[in-house]
Amino acid sequence: MNTVIPTRDAPTVPVAGSEARFPVRHIYCVGRNYAEHAKEMGGDATKEPPFFFTKPADAIVPVLPGAVGRMAYPLATKNLHHEIEMVVAIGRAGVKVSAEHALELVWGYATGLDMTRRDLQNDMREKKRPWDIGKSFAQAAPIGAITPATQAGHRARGAITLDVNGTRRQAGDLADMIWDVAHMLAFLSQMYELLPGDLVYTGTPSGVGPVLAGDRLDARIDGLAPLSIEIVAGR
């Protein structure tokens, strides 16, 4: 019997105000980049440089403006948490870039959700093991349309909020980030060559919490396309 090797095109994200799509290569995420969230997770991020984890590109759930995406409640968890984040889309290659030049790599910005199997993450953290099982799973990275930086400029401040079933859960300002986008990319590019198609999730404000099948999440960041998803029953 011949073995069939499956092929898959790169997943893509819609571009705001356009029919174009942004092909995704890789997803990087920064942890604990808002001081209040770091405190609620039991740490103090102001005392340390940024740290990163990754998700596969096919974890994205791309959602068009005005649409409501669907995310299946994932396997193996009883404590799925929401984390709203601004996402940076990389459009130029760069390695070991300085903060002064890091924004030259940015193609655009989007509203995203870093969904987390918190019970599994906490178990791994207690055992001093990698977080992958808590952060990297199917549909773990919903994302709205990307707004090009040429249209919206670089996002350094603006309200960032998440409502669950119409009730505000998270609220902050991009200016509250411990490491701004330029310094974050400068740190990241010391360890990885950033390439076109990379996405960087930039951390979440405080207020993270559990969601269940049937819940609707509405994520908004000033100046960017909003993101709405519904959690549906999984397997």
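# Briefing: the Asn33 site, the nonpolar core and the sheets

Leaving aside its neighbours within four places in sequence, Asn33 is in contact (heavy atoms within 4.5 Å) with Asp176, Met177, Ile178, Trp179, Met184, Thr202 and Gly203. The model is predicted: local features need pLDDT of at least 70 and side-chain atom pairs count only at pLDDT 80 or more, while totals for chains, interfaces and linings use all residues. Residues are numbered from 1 along each chain as its sequence is written, and side-chain values use heavy atoms, with hydrogens and water left out.

**Asn33**

- Asn33 lies in the loop that connects β3 (26–31) with α1 (35–40); helices (H or I, at least four residues) and strands (E, at least two) are DSSP runs numbered from the N terminus.
- Asn33 counts as buried because its relative accessibility is 0%; buried means under 20% relative accessible area, exposed over 50% and partly exposed in between, with a 1.4 Å probe and protein chains only.
- At 3.0 Å, the side chain of Asn33 reaches the backbone oxygen of Thr202, which is also among the contacts of Asn33.

**Overall fold**

- Six helices and 18 strands are found in the protein chain.
- Of the 235 residues in the protein chain, 51% are buried.
- The radius of gyration of the protein chain is 17 Å, which agrees with the value near 18 Å for a compact globule of 235 residues; this radius is taken over C-alpha atoms, and the globule rule is 2.2 Å times the number of residues to the power 0.38.
- The C-alpha trace of the protein chain spans about 50 × 45 × 40 Å along its principal axes.
- Among contacts in the protein chain between residues at least 6 apart in sequence, 77% join residues at least 24 apart.

**Nonpolar core**

- The largest nonpolar core (buried Ala, Val, Leu, Ile, Met, Phe, Trp, Tyr and Cys residues joined through side-chain atoms within 4.5 Å) has 62 residues, and Leu113, Met115, Leu185, Leu199 and Leu217 have the most contacts inside it.
- With six residues, strand β8 (residues 84–90) gives the most to this core.
- Beyond its neighbours within four places in sequence, Leu113 is in contact with residues including Ile84, Leu162, Tyr201, Leu217 and Ile229.

**Strand β15 and its partners**

- Strand β15 (residues 198–201) is covered on both faces: Asp198 and Val200 are buried on one side, and Leu199 and Tyr201 are buried on the other.
- β3 and β15 run parallel and are joined by four bridges; strands pair if DSSP finds at least two bridges between them.
- His26 has Asp198 as its bridge partner in β15.
- β8 and β15 run antiparallel, joined by three bridges, and Val88 stands opposite Val200 in β15.

**Helix α3 and the three-stranded sheet**

- In helix α3 (residues 118–126), the buried residues are Arg118, Leu120, Gln121 and Met124.
- These residues are on the same side of α3 because they cover an arc of only 160° around the axis, taken from the directions from the helix axis to the C-beta atoms.
- The cover over the buried residues of α3 includes β7 (80–82), β10 (116–117) and α4 (132–135).
- Lys128, just after α3, takes a positive phi of about 60°.
- An open sheet of three strands has the order β10-β7-β16, with antiparallel pairing; β10 and β16 (209–210) are the edge strands, each pairing on one side only.
- Two bridges connect β7 and β10 in the antiparallel sense, and Leu80 stands opposite Arg117 in β10.

Methods. A polar contact is a pair of N or O atoms within 3.5 Å; within protein, one must be able to donate a hydrogen and the other to accept it, and residues adjacent in sequence count only if both atoms are side-chain atoms.
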